[in-house]
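Q: I'd like to learn how to read a model like this one, feature by feature. Can we take it slowly and look at one thing at a time?

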Amino acid sequence: MSDNGIFKDFIKQKNLRWTPQRNLILKTFLQTQEHFTAEQIHQIVLSHDSAIGIATVYRTMALLVEAGLAKEISQMGEKKMFESIYRKSHHDHLICTVCGRIVEFEHPLIEKYQREVCLAHDFLLNSHLMELRGICSSCR
């Protein structure tokens, strides 16, 4: 099933309506490969439908997170950042605290050590989120 179909089914299960605004926000979200704020998505959808308000974008992004298609990855100041997680492999983030740049990375030893720590503490891991914050080379 496509992300579009998953989200449509999720909306129906929540007894909500599938609207042209939600469809446009979803399409814009799916085309965005980077990390982004709701405000950035709002600016893009405004060029297609000037009647879509920022509150609609925020509500739709919250639904995408709840549906398991998006993840809130960081808060830079007051702004939430989002990324697509559907059919995307696990990764962690380096976040520049000056410019907000986000770099995705994976490292097998990090994953190995997390499993070892969980095993040592008889802990069943469901998920994890690693965000390393610092200053990127461009901002130093």
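Q: Let's start with strand 4: why can we call it largely enclosed by the rest of the structure?

A: Keep in mind that this is a predicted model. To judge a strand, go through its residues and ask which are buried, meaning under 20% relative accessible area. In strand 4, four of the five residues are buried, so the rest of the structure largely encloses this strand.

Q: Which strands form the open sheet, and in what order?

A: You read a sheet by listing its strands side by side. Here three strands make up an open sheet, in the order 5-4-6, with mixed pairing. Strand 5 (102–105) and strand 6 are the edge strands, each having a single partner strand, so one side of each has no neighbour in the sheet. From one strand to the next, the twist averages 20°.

Q: In which sense does strand 4 pair with strand 6, parallel or antiparallel?

A: Check the pairs one by one. Strand 4 (residues 92–96) pairs with strand 6 in the parallel sense, over four bridges. Two places to look: Leu-94 has Leu-132 as its bridge partner in strand 6, and Cys-96 stands opposite Gly-134 in that strand.

Q: And in which sense does strand 4 pair with strand 5?

A: That pairing is antiparallel, again with four bridges. Follow the partners across: Asp-92 stands opposite Phe-105, while His-93 has Glu-104 as its bridge partner.

Q: What should I look for in the hairpin of strand 4 and strand 5?

A: Count the residues in the turn, then check the backbone angles. The hairpin has five residues between the strands, and Gly-100 takes a positive phi near 85° there.

Q: Which other residues have a positive phi, among them some that are not glycine?

A: The general idea comes before the cases. Most residues other than glycine have a negative phi. Asn-15 goes the other way, with a positive phi of about 60° although it isn't a glycine. You'll find Asn-15 in the loop between helix 1 and helix 2, and at a relative accessible area of 72% this residue is exposed. Asp-122 is another case, with a positive phi near 50°. Asp-122 sits in the loop between helix 5 and strand 6 and is exposed too, at 73% relative accessible area. Among the glycines, Gly-68 has a positive phi of about 85°, just after helix 4.

Q: How does the span of helix 4 fit what is expected?

A: Take the distance from the first C-alpha to the last and set it against the expected value. Helix 4 (residues 54–66) has 13 residues and reaches 18 Å, close to the 18 Å expected at 1.5 Å a residue.

Q: Which residues of helix 4 are buried?

A: They are Val-57, Thr-60, Met-61, Leu-63 and Leu-64. Now look down the axis: the buried residues of helix 4 fall within an arc of 160°, so they line one face of the helix.

Q: Which residues have the most contacts inside the largest nonpolar core?

A: Look for buried nonpolar side chains that join up. The largest nonpolar core holds 20 residues, and those with the most contacts inside it are Phe-7, Phe-29, Val-45, Val-57, Met-61 and Leu-64. Helix 1 (3–13), helix 2 (20–31), helix 3 (38–46) and helix 4 each supply at least two residues of this core. Zoom in on Val-45: leaving out residues up to four places away in sequence, Val-45 touches Leu-24, Ile-25, Thr-28, Ile-52 and Val-57.

Q: Where does His-128 lie?

A: For a loop residue, note its place, its exposure and its neighbours. His-128 lies in the loop between helix 5 (108–120) and strand 6 (131–134). With a relative accessible area of 23%, His-128 is partly exposed. Not counting residues up to four places away in sequence, His-128 touches His-90, Asp-92, Glu-111 and Gln-114.

Q: To zoom out, how many helices and strands does the chain have?

A: There are five helices and six strands, and along the sequence they follow the pattern α-α-β-α-α-β-β-β-β-α-β. Of the 140 residues in the chain, 33% are buried. The C-alpha atoms fill a box of roughly 50 × 40 × 20 Å, taken along the principal axes.

Technical notes:
Residues numbered from 1 in each chain as written. Predicted model: local features only at pLDDT ≥ 70, side-chain atom pairs only at ≥ 80, totals over all residues. Heavy atoms only, no water. Buried < 20%, exposed > 50% of the residue type's maximum accessible area, 1.4 Å probe, protein only. Contact = heavy atoms within 4.5 Å. Expected span 1.5 Å × (residues − 1). Arc of directions from axis to C-beta. Pairing = 2+ DSSP bridges. Axes fitted to C-alpha atoms, helices over the stretch in contact; angles between N-to-C directions. Core = buried A, V, L, I, M, F, W, Y, C linked by side-chain atoms within 4.5 Å.
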